Amino acid sequence: MNLRAGKAKRPVDLKAAGDAELLLAAARHDTSAFGEIVNRYYQPVFRVTMRMTGGHADTEDIAQEAFLKLWRNPGQVREAGALKGWLMRVAANAAIDRGRRRVHADIETTPEVADPVMQADAAMERWAAAREVERRIAALPERQRLALSLVYYEGFSNIEAAAAMETSIEAVESLLARARRGLRDSLSADWRDLLEGLNAT
Amino acid sequence: MPHEENMGLRMKQRLQAVLASYGADPARWPAAERDELLPHLGEAGDALDDARLVDRLLDLAPAPACIAGMEKRLMARISRTTAPARFQLGWSAALPLAASLALGIYLGAVGALDELLPSLVTEDIAAMDDDDGSSGVTEATDYSGDQLS
């Protein structure tokens with residue numbers, strides 16, 4: 001996208017403006033227009049980053065860096081329609097890089113969850129189950145985790161996810177299938193019973 | 001294998017693949033294939049049960065909680081780092097350049113430049129130029145002549 005072309009004015013209604021208009025305005029360092037981009041996409045980017053870092057303290061910083069990178073050079077986004085995917089990719093890649101630099105992920109330092117079957121209280125069981133699921137997701141390979149975060153949790157279409165991950169739709173489907181199979185296979189019989197019970201309530 | 005049977009088998013295989021990748025909720029399936037696959041859902045069998053189980057599992061994981069004021073902190077960081085930098089860079093670069101230009105114009109206009117240059121040095125340079133009266137052109141000619149003879 002050529003952000004230098006033309007002298008478009010700031011969109012009158014920022015809420016109604018398309019991503020292309022906002023990017024053009026942001027290229028002229030219009031903070032209000034950039035603020036609208038932040039309103040639209042910061043939370044989903046943060047959530048995906050959080051899933052990629054496993055909740056590490058760096059999460060907010062990584063998500064912010066993706067937006068700062070955009071602010072410094074909005075021309076990096078070649079297609080305005082791909083803005084959300086671009087932000088996701090930049091943040092996810094940064095999260096993966098930092099994760100690799102850290103000495104073994106927090107998964108190993110996460111305290112083991114007590115056997116949920118032994119806990120009487122339903123809320124505690126749900127909490128424990130949620131923690132266990134988080135742990136299992138965090139243990140998935142990075143690309144599988146990213147595909148799952150984008151498609152299952154953030155509602156990206158397969159086309160959008162493929163664009164965000166710079167891969168093919170077939171590769172996204174393969175990553176998703178492997179992620180889901182890995183999660184299913186990692187469940188013990190007790191956990192299956194527990195999950196079915198929890199979801200039935 | 002008859003064409004319809006072949007189509008049915010392919011559709012079943014594709015449905016299983018879609019369930020394995022996207023889960024049991026048709027809303028998550030690829031939009032282009034949804035209508036075509038939905039009528040076959042009843043034939044999915046274990047693949048559908050498996051997909052439902054994994055969906056339940058994934059739904060248990062809570063959405064990461066967004067921290068209050070995140071967007072404000074980001075916008076504050078943006079205005080802190082970029083806007084002042086542009087302003088400072090503009091003036092800090094322009095002022096010395098403008099001052100140098102003004103001084104140069106002034107000195108040229110009043111003819112003060114000659115007085116400011118150290119005269120001894122300029123005279124020495126001029127004397128060196130006149131020392132032997134050679135221009136270099138004649139030397140080049142002599143050299144050529146030597147080589148030819």
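Let's start with a pair of helices in chain A: the axes of helix α6 (residues 142–153) and helix α8 (residues 169–186) come within 8 Å and cross at roughly 100 degrees. That angle makes α6(A) roughly perpendicular to α8(A). Keep in mind as you look around that this is a predicted model.

Which residues make this contact? From α6(A) come A:Arg143, A:Gln144, A:Arg145, A:Ala147, A:Leu148 and A:Val151, while α8(A) brings A:Val172, A:Leu175, A:Leu176, A:Arg178, A:Ala179 and A:Gly182.

Now turn to another pair in chain A. Helix α1 (residues 19–27) packs against helix α2 (residues 31–53) at an angle of about 135 degrees, with the axes 7 Å apart. The two helices, α1(A) and α2(A), are therefore oblique to each other, and their crossing is left-handed. On the α1(A) side you will find A:Leu22, A:Ala25 and A:Ala26, and on the α2(A) side A:Ala33, A:Phe34, A:Glu36 and A:Ile37.

Finally, how many residues does each chain give to the contact between chains A and B? Chain B supplies 29 residues and chain A supplies 35 residues. In chain B, the elements that give two or more residues to the side touching chain A are α1 (3–22), α3 (46–60) and α4 (70–81).

Here is how the residues of these contacts divide by class:

| Contact | Nonpolar | Polar | Charged |
|---|---|---|---|
| α6(A) with α8(A) | 7 residues | 2 residues | 3 residues |
| α1(A) with α2(A) | 6 residues | no residues | 1 residue |
| Side of chain B that touches chain A | 20 residues | 4 residues | 5 residues |

Conventions
Residues are numbered from 1 along each chain as its sequence is written. Chains are lettered from A and ligands numbered from 1 in the order in which they are written. This is a predicted model: local features need pLDDT of at least 70, side-chain atom pairs count only at pLDDT 80 or more; totals for chains, interfaces and linings use all residues. Two residues are in contact if their C-beta atoms, placed from the backbone, lie within 7 Å. Helices (H or I, at least four residues) and strands (E, at least two) are DSSP runs, numbered from the N terminus. Ala, Val, Leu, Ile, Met, Phe, Trp, Tyr, Cys and Pro count as nonpolar, Asp, Glu, Lys and Arg as charged, and the others, Gly among them, as polar. Axes are lines fitted to C-alpha atoms, for helices over the stretch in contact, and angles run from 0 to 180 degrees between N-to-C directions. Angles under 35 degrees count as roughly parallel, over 145 as roughly antiparallel, 65 to 115 as roughly perpendicular and the rest as oblique. A crossing is left-handed if the near helix is turned anticlockwise from the far one by less than a right angle, and right-handed if clockwise.
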